[in-house]
Amino acid sequence: MVGGFFSLKPHQMDMEEQALQRLAIGHLRYRRYAPISSGERQLALIAWALVQQAKILLMDEPIANLDYGNQLKIMAQIKELTCQGYAAVVSTHNPNHALWFADEIFALSAGKVLAFGLADQVLTSQLRHRLHGANVHIVDADEEKIRIYVPQLDVKEEDRYGKQ
């Protein structure tokens, strides 16, 4: 994970080991950065921030271009870090990730603040419509105690599934 651009000072060696274990990426220790996957790169960058003892993580769409599994893995790792005292400011265009992982929301549109506050109070169907013009419903998945944005499609059922 280190070498060249990412060189460690002697006192950071133990912190590197802890960061690699925390993020479950010990297998990347001696790998070059360029050939690893996008998800592994994101985790390596988070590990590097931890080794630098950054307490505030600023992330601009850290899950962009990742497959669904890696999106969830990265967001879960970020959430876990916030539970351990780190602060994370994360931009995302995925409303479900905001519903699932955010504590507070700061919603911007055209440089103006549309909403700020606790995620479960601020994230509404109306806000999603104001942000992107998308008609959505928020559905509670009772068994998992999770909320999900579901699009309201303006497509007739017979067009979606074929004529009966």
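I began with the fold and found that E1, H3 and E2 form a right-handed β-α-β unit. The model I am reading is predicted.

I next looked up how the two strands of this unit meet. Strand E1 covers residues 56-60, and strand E2 covers residues 87-91. E1 and E2 pair in the parallel sense, with 5 bridges. I noted one bridge by name: Leu-58 has Val-89 in E2 as its partner. The helix of the unit, H3, spans 68-83.

I then listed the elements of the whole chain. I recorded 7 helices and 6 strands. Read from the N terminus, the order is α-α-β-α-β-α-β-β-α-α-β-β-α.

I turned to the interior. Which residues touch the most other members of the largest nonpolar core? They are Leu-23, Ile-25, Ile-46, Leu-50, Ile-74, Ile-78 and Leu-81, out of 24 residues in that core. At least two residues of this core come from each of H1 (13-22), H2 (38-51), E1 and H3. H2 gives the largest share, 7 residues.

I followed Leu-50 further. Neighbours within four places in sequence aside, Leu-50 contacts Ala-19, Arg-22, Leu-23, Leu-81 and Tyr-86. I also found another core apart from the largest one; this second core has 12 residues, including Ala-98, Ala-107, Ala-115 and Val-136.

I closed with totals for the chain. Of its 164 residues, 33% are buried. Among contacts between residues at least 6 apart in sequence, I noted that 47% link residues at least 24 apart. The accessible surface is about 10900 Å², and carbon and sulfur atoms account for 52% of that surface.

Note on methods: Residues numbered from 1 in each chain as written. Predicted model: local features only at pLDDT ≥ 70, side-chain atom pairs only at ≥ 80, totals over all residues. Heavy atoms only, no water. Core = buried A, V, L, I, M, F, W, Y, C linked by side-chain atoms within 4.5 Å. Buried < 20%, exposed > 50% of the residue type's maximum accessible area, 1.4 Å probe, protein only. Helix = DSSP H or I, 4+ residues; strand = E, 2+ residues; numbered from the N terminus. Contact = heavy atoms within 4.5 Å. Pairing = 2+ DSSP bridges. Right-handed = clockwise from strand over helix to strand, strands pointing away. Areas by Shrake-Rupley, 256 points an atom, 1.4 Å probe, with all protein chains shown as cover.
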